[in-house]
Protein chains: 2
Amino acid sequence: MSTQAMRGTVTIEEVAAAAGVSRSTVSRVVNGSTAVSPEALESVNRAIAELNYVPNRAARSLASRQTHAIALVVPEDTTRFFGDPFFAAIVSGINSRISKSDYVLNLFIANDDPGDKTTSYLRSGAVDGAIVVSHHTSDTFIDRIAAVVPVVYGGRPVRERERDYYVDVDNARGARVATEFLISRGHTRIGTITGPLDMPAGVDRLDGFRAALADHGLTAAAVEDGNFTAADGADAMRRILETGDVPDALFIASDLMARGAMNVLAGAGLKVPDDVAIIGFDDSPVATSVTPPLTTMRQPSFEQGEEMAGILLDILAGRSPRHVTVLDTELVVRASV
Amino acid sequence: MSTQAMRGTVTIEEVAAAAGVSRSTVSRVVNGSTAVSPEALESVNRAIAELNYVPNRAARSLASRQTHAIALVVPEDTTRFFGDPFFAAIVSGINSRISKSDYVLNLFIANDDPGDKTTSYLRSGAVDGAIVVSHHTSDTFIDRIAAVVPVVYGGRPVRERERDYYVDVDNARGARVATEFLISRGHTRIGTITGPLDMPAGVDRLDGFRAALADHGLTAAAVEDGNFTAADGADAMRRILETGDVPDALFIASDLMARGAMNVLAGAGLKVPDDVAIIGFDDSPVATSVTPPLTTMRQPSFEQGEEMAGILLDILAGRSPRHVTVLDTELVVRASV
DNA sequence: CTGAAAGCGCTAACAA
DNA sequence: TTGTTAGCGCTTTCAG
């Protein structure tokens, strides 16, 4: 390996010289153009390998106006991002799809960023497009990003516009199915622990819950909200217990919150499902790690991630994918109901 | 907001024109040079705000040979990355330090990347430096990255060289302290579940364990290894149970593995700490979420992350930080011993 | 303190 | 199929 190869400063010019062709031809080879003779191809490729040439990203991006990078923007703090298996699943899905393309994924945990550097970074042409998961009403910086690069949302965006692209799960229907299952089991005093009400997913699940109840002439026995975390589920459960009026069943908008609630219930000497039946949402790994195993609505998060990435890739490739995709949820019956 | 501002294509040229100065002056203002008159400063800043100007990253990077981006490289699969609170803590620490600087953090979950795109991306000048956590013997692509940009390792790198920068915790000492604590409690038939032996952290903890035992004329009652996950801890525990010869105490190299092991123990009708005393490593949130709460060696992962980021920032600023930093661990006594 | 001029390394017409 | 020629938007001497 030559010294300059070690220094990582080989330019297209040197490759061209070594291969005995012009810069343009090297560029064509690097970019996979077919209009190159076999001999030229061969000698350029050899020169590239010998010199250990890697095209300079900035120069390429400046000239082509493309970065081949995609941002994954998570408007949450690190704790919640890492604490919730939902993100693990959705990021895996995104990563799986992106890694089959020639794009790279940059991750931005945006909430931890006081100076809003994320926004100006993304607006500075650092990426070709962005995927936003976990979108809150208060996250106005997203709009500023969407003004500059195509954005695909995970979940219905908070201020939906016609031109928005997003992949959602049918939260309202999922909540409705879950609640109806509780009703079908003979429960009548049914409460809920909702997700954050500044997120469409939180609102939609609450709506579905209420709709199911209304269909059967019932009203909510309790409504408390949380931010999808186990700690919030525990807090919400405590608030419900404090009312002294414990529901006989609970629809809880995330498995993690269900786990927190179940802990509190156990501490209070209440049995699941005998005293309180519980149904969660997600079907994440925690659903099977709690005792008793959690009945829950499965949402296809990995697939959601793959789909989002696929749509963004389509947009970037100049295709015209569907704007709205809604994936279905599925009831998974275990022992908590 | 003007149309061009919306399109995000305002260039330094237009700002200069609007402010009635030259490109150079705008550049000076943007880069915080002091050699600008108050009037020029004022009018440039106004033009920037009015036009909503954001400097083009690629152009700036091409001209200045800096990207102001740092890569966080995690050679693990997504599942383990998201499943282990250790990463949450270390990433929080890194993020916390970086977000106070004017650098941005790009995350690469490198193992999921079949075509080794991460390597060529990082070698293409896309970042100014990299932080590598969870380094395995087999991860040779790291060397190719380290040849091009400064790298700071979390934990002693697998092939340590003098010029390497890293921040480690004193794993050997931590394991030793943990094991000695078990011995001091009167245990003599002590086993261990180690971390992966292709990682220095795994090896060092095993060494410390063995050293403590040797000091007291004891030998290991069982040695099984795992990849730091709960599932691996459970598997290892099963293998130990299968020998029919159950140790009366276990040093387990991660809290997550301890949790897995405790589940298996409970399933086998064995009580912690009465039948088997257990001490873990990490003091992650899982330590307090298991029953009984886990005695464990606390490692300062958040601080480790902060320190790593600080060192890289120092290198990039042209300072000369210490190459090796070793942080201490601390025994946290709870009910599992 | 300011502006002019020369690139940074690459892509993309346009000719040949 | 190939090379020549302009830039992409910015930083950075170097004069003034």
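The questions and answers below concern a predicted model of protein chains with DNA strands.

User: Which residues are closest to DNA strand D, and what share of the DNA strand D atoms within 4 Å of the protein belongs to sugar and phosphate?
Analyst: In this predicted model, 27 residues surround DNA strand D, and the closest of them are A:Ser24, A:Arg28, A:Ser37, A:Arg65 and B:Ile12. Of the atoms of DNA strand D that come within 4 Å of the protein, the share that belongs to sugar and phosphate is 55%.

User: How far is a phosphate oxygen of DNA strand D from a backbone N or O atom of B:Ile12?
Analyst: Side chains provide some of the phosphate contacts to this strand, including A:Arg65, where a side-chain N or O atom is 2.4 Å from a phosphate oxygen of DNA strand D, and B:Arg60, where the corresponding distance is 3.3 Å. For B:Ile12 the partner is a backbone N or O atom, and its distance from a phosphate oxygen of DNA strand D is 2.3 Å.

User: Which helices each supply at least two residues of the surface near DNA strand D, and how many of the residues of that surface are charged?
Analyst: Both chains contribute, with helix 3 (23-30) and helix 5 (57-64) of chain A joined by helix 3 (23-30) and helix 5 (57-64) of chain B, each supplying at least two residues. The residues of this surface divide into 11 nonpolar and 10 polar, while the number that are charged is six.

User: Which residue has a side-chain N or O atom 2.7 Å from a base nitrogen of DNA strand C?
Analyst: Around DNA strand C there are 27 residues, of which the closest are A:Ile12, A:Tyr53, B:Arg28, B:Ser37 and B:Arg65, and sugar and phosphate make up 58% of the strand's atoms within 4 Å of the protein. Phosphate oxygens of this strand lie 2.3 Å from a polar backbone atom of A:Ile12 and 2.5 Å from a side-chain N or O atom of B:Ser37. The residue whose side chain comes within 2.7 Å of a base nitrogen is B:Ser24.

User: Where does UniProt place the feature "domain: HTH cro/C1-type" in chain A, and what percentage of that span is helix?
Analyst: The UniProt record, an unreviewed entry, places this feature at residues 11-54 of chain A. The end C-alpha atoms of that span lie 8 Å apart, strand accounts for 0% of it, and the helix content is 68%.

User: How far apart are the C-alpha centres of domain 1 and domain 3 of chain A?
Analyst: Chain A is divided into domain 1 (3-55), domain 2 (69-170 + 302-329) and domain 3 (171-299). Between domain 1 and domain 3 of this chain, the separation of the C-alpha centres is 61 Å.

User: Why do the buried residues of helix 2 of chain B line one face of the helix, and within what arc do they fall?
Analyst: In helix 2 (residues 12-19) of chain B, the residues B:Val15, B:Ala16 and B:Ala19 are buried. Seen down the helix axis, these buried residues line one face because their directions are confined to a limited arc, which is 100°. On the other side of helix 2 of chain B, the exposed residues are B:Ala17 and B:Ala18.

User: Is B:Glu76 buried or exposed, and which side chain does it join in a polar contact of 2.4 Å?
Analyst: B:Glu76 is found in the loop between strand 1 (69-74) and helix 6 (78-83) of chain B, and its relative accessible area of 4% is under the 20% cut-off, so B:Glu76 counts as buried. B:Ser134 is likewise described as buried, at 5% relative accessibility, and has a positive phi of about 65° although it is not a glycine. The side chain that B:Glu76 joins in a polar contact of 2.4 Å is that of B:Ser134.

User: Which residue does a cis peptide bond join to A:Val272, and in which loop is it placed?
Analyst: The peptide bond that follows A:Val272 is cis, with omega of about 5°, and joins it to A:Pro273. The place of A:Pro273 is in the loop between helix 13 (255-267) and strand 9 (277-282) of chain A.

Technical notes. Residues numbered from 1 in each chain as written. Chains lettered and ligands numbered in written order. Predicted model: local features only at pLDDT ≥ 70, side-chain atom pairs only at ≥ 80, totals over all residues. Heavy atoms only, no water. Near = heavy atom within 4 Å. Polar contact = N/O pair within 3.5 Å; in protein donor to acceptor, adjacent residues only side chain to side chain. Helix = DSSP H or I, 4+ residues; strand = E, 2+ residues; numbered from the N terminus. Nonpolar A, V, L, I, M, F, W, Y, C, P; charged D, E, K, R; others polar. Domains from an automatic or database assignment. UniProt positions renumbered as here; feature names shortened; annotations may be inferred. Buried < 20%, exposed > 50% of the residue type's maximum accessible area, 1.4 Å probe, protein only. Arc of directions from axis to C-beta.
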